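This report goes through a single protein chain, beginning with its strands and ending with its surface charges.

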Amino acid sequence: MHIIKVKGKAKIPDYIQLRDDDFVLIAYFRADRPLKKLDKYGLDGKEEELKKIIDSLPYGKIQPLNL
């Protein structure tokens with residue numbers, strides 16, 4: 001799984017994209033409101049770790065998500 005942070009402009013907030021190994025978009029959500037249904041993506045119980053990763057991500061750089 002890969003993660004990308006997309007910078008918003010003006011009133012549009014920053015967004016996070018989660019992509020599978022084939023880079024197909026599987027989740028798209030606001031950076032300030034992480035997904036509630038993380039169990040669907042195998043990330044249940046890892047909300048705090050994901051929040052720390054999101055806060056430290058550079059904009060526009062796709063990175064592997066290793067939790």
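The sections below treat the sheet, its strand pairs, one buried leucine and one charged patch, all in a predicted model.

**The sheet**

Four strands make up an open sheet, arranged in the order 3-2-1-4 with antiparallel pairing. Strand 3 and strand 4 are the edge strands; each has a single partner, so one side of each lacks a neighbour in the sheet.

Which residues belong to strand 1, and is the strand mostly buried or exposed? Strand 1 covers residues 2-6, and 4 of its 5 residues are buried, so the rest of the structure largely encloses it. Strand 2 gives a matching count: 4 of its 5 residues are buried, so this strand too is largely enclosed by the rest of the structure. The cut-off for buried here is under 20% relative accessible area. As a general point, side chains in a regular strand alternate between the two faces of the sheet.

**Strand pairs**

Strand 1 is joined to strand 2 (residues 15-19) by 5 bridges, and the two run antiparallel. On its other pairing, strand 1 is joined to strand 4 (residues 63-64) by 2 bridges, again antiparallel. Strand 2 also pairs with strand 3 over 5 bridges in the antiparallel sense. Strand 2 and strand 3 form a hairpin with 5 residues between them. Within that turn, Phe23 has a positive phi of about 65 degrees.

The table lists bridge partners in these pairs.

| Residue | Partner | Strand of the partner |
|---|---|---|
| His2 | Arg19 | strand 2 |
| His2 | Pro64 | strand 4 |
| Ile4 | Gln17 | strand 2 |
| Ile16 | Phe29 | strand 3 |
| Gln17 | Tyr28 | strand 3 |
| Leu18 | Ala27 | strand 3 |

Two residues appear with partners in two strands. His2 stands opposite Arg19 in strand 2 and opposite Pro64 in strand 4. Gln17, itself in strand 2, faces Ile4 and also has Tyr28 of strand 3 opposite.

**After the last strand**

Leu65 lies in the segment after strand 4. Why does Leu65 count as buried? Its relative accessibility is 10%, and the limit for buried is under 20%. Leu65 and Leu50 are 15 residues apart along the chain, and their C-alpha atoms are separated by 8.9 Å.

**A charged patch**

Which residues gather in a patch of negative charge on the surface? They are Asp39, Asp44, Glu47 and Glu48. Asp39 sits in the loop between strand 3 (25-30) and helix 1 (47-56). With a relative accessible area of 53%, Asp39 is exposed, since the threshold for exposed is over 50%.

Methods
Residues are numbered from 1 along each chain as its sequence is written. This is a predicted model: local features need pLDDT of at least 70, side-chain atom pairs count only at pLDDT 80 or more; totals for chains, interfaces and linings use all residues. Side-chain values use heavy atoms; hydrogens and water are left out. Patches are made of residues with over 30% relative accessible area and no salt bridge: like charges are joined within 9 Å, nonpolar side chains (Val, Leu, Ile, Met, Phe, Trp, Tyr) within 5 Å. Accessible areas come from the Shrake-Rupley method with a 1.4 Å probe; for residues, only the protein chains shown count as cover. A salt bridge is a side-chain nitrogen of Lys or Arg within 4 Å of a carboxyl oxygen of Asp or Glu. Lys and Arg count as positive and Asp and Glu as negative; His and the chain ends are not counted. The place of a charge is taken as NZ of Lys, CZ of Arg, CG of Asp or CD of Glu. Buried means under 20% relative accessible area, exposed over 50%, partly exposed in between (1.4 Å probe, protein chains only). Two strands pair if DSSP finds at least two bridges between them.
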